[in-house]
Amino acid sequence: MPVSHMQCPRCGSTMNHHGDKVVYHGSGRVDPDLGGIVEEMHACPRCGYVTSRPAEDGNVPAPAGGAR
Amino acid sequence: MSDRPLSIPVILGTARQGRMSAHAARLVHGELGKREGVETQLIDVGALMHRLDDNGQGTGDPAFAECMNRADAIVLVAPEYNHAMPGLLKHVLDSCLQEYIHKAAGIVAVSAGPFGGTRVIETSLPVLRELGLVTIFWDVNFGSVGKVFGEDGVLLDPSFGRRIDKFLGELIWMAKTLRYGREHITLQ
């Protein structure tokens, strides 16, 4: 669960955290149990804009590089 | 429920010269445009500005990424090249990720042979799943496509009208359902 809600960068509404996905490259922190960076997926109920951010908890620093 | 129209772009997945898939894409795009509450556009992968010296997220056409962000569902019109989708289509799809999560996808398969592109559908499903898209169980299969359309792109087999209608009905239902879920149902 996200520690804080995201605000839509387009319209400022509070976004809904609707999913998580493990990715293997990026600027986030690697979750030691899941083997990758947990990316939270957020959608805006007002304008529909979608975006993501690395999960705020449960991760440790990512190694340099990533999947190539 | 939001009163914004559903956004459902149609992606023509090949840049090959003389592509018959263009006829299929224009047909589906036209039928989609007749649906109330749906806005659509036809995206030609051959017209996008994608880098070929890199790949992955963030390397693609910004306009394509914006369109995928706005989309509630996508229609892939994919010819079957050696049992799989064209490499250019895969390259384009790989340029986004967060834009696809919990959105609907339907496949229109095109084949010069008699099997209607069933193998491009089968080999595309795990790709779409990994991208976070939710595939529907209706497909449109244009087999022996050279006999389905005239040289001017006119549909010669009217039975495809009903198949496309069923396909779009399911896709729109899934698009509405997933939009509601994305925007209102919080991950537990």
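Among contacts in chain A of this predicted model that link residues at least 6 apart in sequence, 53% join residues at least 24 apart. The chain doing this is built from strands, with zero helices and five strands to its name. Read from the N terminus, the elements of chain A simply go β-β-β-β-β. As for burial, 28% of the 68 residues of chain A count as buried.

Chain A meets chain B through a contact that takes 14 residues from chain A and 15 residues from chain B. On the side of chain A that touches chain B, the elements giving two or more residues are β1 (16–23), β3 (36–43) and β4 (50–54) of chain A. Of these, β1(A) hands over the largest share, six residues. Sorted by class, that side of chain A comes out as five nonpolar, seven polar and two charged residues. For the model as a whole, the scores are ipTM 0.91 and pTM 0.92.

Turning to chain B, its average pLDDT is 95, and 99% of the residues score at least 70. In soluble globular proteins, nonpolar side chains tend to be buried together. Here, the largest nonpolar core has 61 residues. Those with the most contacts inside this core are Val28(B), Val75(B), Val77(B), Val108(B) and Leu171(B). Helix α6 of chain B, spanning residues 159–184, supplies the largest share of the core, namely nine residues. Val28(B) gives a good look at how some of these residues come together: leaving aside residues up to four places away in sequence, Val28(B) touches Val10(B), Val75(B), Val77(B), Val108(B) and Ile164(B). Three of the partners of Val28(B), then, namely Val75(B), Val77(B) and Val108(B), are also on the list of residues with the most contacts inside the core.

Strand β5 of chain B, residues 73–79, is where Ile74(B) sits. Ile74(B) counts as buried because it has 25 C-beta neighbours inside 10 Å, and the cut-off for that label is 20 or more. Again not counting residues up to four places away in sequence, Ile74(B) touches Ile8(B), Pro9(B) and Ile11(B), along with Lys103(B) and Ala105(B). Asp165(B) does not appear among those partners; the C-alpha atoms of Ile74(B) and Asp165(B) are separated by 16 Å, with the two residues 91 apart along the chain.

Terms used. Residues numbered from 1 in each chain as written. Chains lettered and ligands numbered in written order. Predicted model: local features only at pLDDT ≥ 70, side-chain atom pairs only at ≥ 80, totals over all residues. Core = buried A, V, L, I, M, F, W, Y, C linked by C-beta atoms within 7 Å. Buried ≥ 20, exposed ≤ 12 C-beta atoms within 10 Å, placed from the backbone. Helix = DSSP H or I, 4+ residues; strand = E, 2+ residues; numbered from the N terminus. Contact = placed C-beta atoms within 7 Å. pLDDT = per-residue confidence, 0-100. Nonpolar A, V, L, I, M, F, W, Y, C, P; charged D, E, K, R; others polar.
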